[in-house]
Amino acid sequence: MIKKFTFYRISSYFLIIIAALFGFMSLFALLIALSNPALLLNVFVIVAVVIYSFSSFVFLVKGIDQQQRMKSGMQDLIKVNAYVAVLFVGMNIFQSVSILQNPAALSSAMNQFPAMQNTKSPLSPAFMLKMVKAIVWFMLFYSLVLGVHVSVTFRLLKQYAALFNKEQGGNDQV
C-alpha cells in the first residue's frame, strides 16, 4: 500500500509543510485585508489551499492508510477546496511563466524599488532580483506539485468513495 502512493505521500508531506507556513501568513494577511477589502479574495484562495492541503492529508492518513470511515462532508470539503486550489495553481503558473519570460521587466522593477522607498534599503537590487527569481521558481514548482496532487486526489476520492458513505445509523469518524 505504501509503495503504491509514494509520490502522493511525499507530495502530501511537502504540501502540509507549505500549508502550515501559508496558514500562519494568512492570519496576518487577513488583518491587512480587513483594512483593504480588495485583498480578501486573495486571502480566501490561500486559505482554501491550506484547507485542501490539510483535508487531503487527513484523507491520506486516516482514510487510505488506516481505512477509517470519514465524515460524509469531508469528501465535499476536499473537492470544493481542490477546485479553488486549481484556480491558485493556474494563477501561479501564469504569473510565474510571465515573470520568467520577461526578465527585463523584473530587473527594471527591482532597480526602481529602492527609489520608491523613503529610506535606504540594506538589500541591493541585484540581491532582491535573485530573491524574487528564487521565490518565483519555488512557487512554480509548488504550483506544479499542487496541481498534480489535486489530480491524484480526485482519482483517489473516486477509488475510495466507499470510505465516505454513511452506514445505516452509524457514527462517522474523521
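## Phe-28 and Phe-24

In this predicted model, Phe-28 has a relative accessible area of 48% and is therefore partly exposed, since the exposed class begins over 50%. Phe-24, at 51%, counts as exposed. The two residues are four apart in helix H1, a separation of about one helical turn.

## Aromatic pairs

The count of aromatic pairs is twelve. One of them joins Phe-14 and Phe-138, edge-to-face, at 6.2 Å centre to centre with 70° between the planes. Phe-14 belongs to helix H1 and Phe-138 to helix H5, so this pair ties together parts that are 124 residues apart in sequence. The rings of Phe-24 and Phe-28 are also edge-to-face, because their planes meet at 85°, with centres 5.2 Å apart.

Both members of the Phe-14 and Phe-138 pair are partly exposed: Phe-14 has 23% relative accessibility, and Phe-138 has 35%. Ring pairs link these two with Phe-22, Phe-88, Phe-141 and Tyr-142 in a cluster.

## Nonpolar core

The largest nonpolar core holds 33 residues, of which Phe-59, Phe-88, Tyr-142, Leu-146 and Leu-156 touch the most other members. Helices H1 (6-35), H2 (40-65), H3 (72-101) and H5 (125-159) each contribute at least two residues to this core.

Beyond its neighbours within four places in sequence, Phe-88 contacts Phe-22, Val-45, Ile-46, Val-49, Met-139, Tyr-142 and Leu-146.

## Largest pocket

The largest pocket has a volume of about 430 Å³. Its lining comprises 21 residues, with Asn-42, Ile-46, Phe-88, Asn-92 and Gln-95 the closest to the centre. H1, H2, H3 and H5 are the elements that give two or more residues to the lining. By type, the lining has 16 nonpolar residues, five polar and no charged.

Technical notes
Residues numbered from 1 in each chain as written. Predicted model: local features only at pLDDT ≥ 70, side-chain atom pairs only at ≥ 80, totals over all residues. Heavy atoms only, no water. Core = buried A, V, L, I, M, F, W, Y, C linked by side-chain atoms within 4.5 Å. Buried < 20%, exposed > 50% of the residue type's maximum accessible area, 1.4 Å probe, protein only. Contact = heavy atoms within 4.5 Å. 1 Å grid on protein atoms, 1.4 Å probe; cavity = no way out; pocket = protein on both sides within 12 Å on 5 of 7 lines; lining within 4 Å. Points joined across faces, edges and corners; volume = space filled by probe spheres on them. Nonpolar A, V, L, I, M, F, W, Y, C, P; charged D, E, K, R; others polar. Phe/Tyr/Trp six-rings, centres within 6.5 Å; stacked < 30°, edge-to-face > 60°.
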